[in-house]
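Here is a short briefing on a sheet and a pocket. Look at the structure first, then read the points below.

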Amino acid sequence: MQAINYYLIVDKIKEAPKKVGGLELTESQNKDVRYSKGKVISVGDQIDVLKKDMVVWYDKHAGHGIEHD
């Protein structure tokens, strides 16, 4: 897959469950976290700042989800 123009493709990095006071929080309790961490897979030709394999934080409500292989 190749991104075009101002778009980029990001692979979400699944983070380990967070611990608070020795208790492990489930994913349903982490829904208030707004940003997700991901690795850039492909960058469009009109983006100069980001490069492939960089790790970025992005708004989890932004963009479109796709499945590939």
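Strand 1 and strand 4 pair in the antiparallel sense, over five bridges. Strands here are DSSP runs (E, at least two residues), numbered from the N terminus. Two strands pair if DSSP finds at least two bridges between them. The model is predicted: local features need pLDDT of at least 70, side-chain atom pairs count only at pLDDT 80 or more, and totals for chains, interfaces and linings use all residues. Residues are numbered from 1 along each chain as its sequence is written, and side-chain values use heavy atoms, with hydrogens and water left out.

**The sheet**
- Three strands form an open sheet in the order 1-4-5, with antiparallel pairing.
- Strand 1 and strand 5 are the edge strands, and each pairs on one side only.
- Leu8 stands opposite Val43 in strand 4.

**The largest pocket**
- A pocket is an open set of points on a 1 Å grid over the protein atoms alone, where a 1.4 Å probe fits, with protein on both sides within 12 Å along at least five of seven lines.
- The volume of the largest pocket is about 810 Å³ (the space filled by probe spheres set on the points, which are joined across faces, edges and corners).

**Its lining**
- The largest pocket is lined by 24 residues (each with an atom within 4 Å of a point).
- Leu8, Ile9, Val10, His64 and Ile66 lie nearest the pocket's centre.
- Strand 1 (8-12), strand 4 (35-43) and strand 5 (55-59) each supply at least two lining residues.
- Strand 1 gives the largest share, five residues.

Conventions
Helix = DSSP H or I, 4+ residues; strand = E, 2+ residues; numbered from the N terminus.
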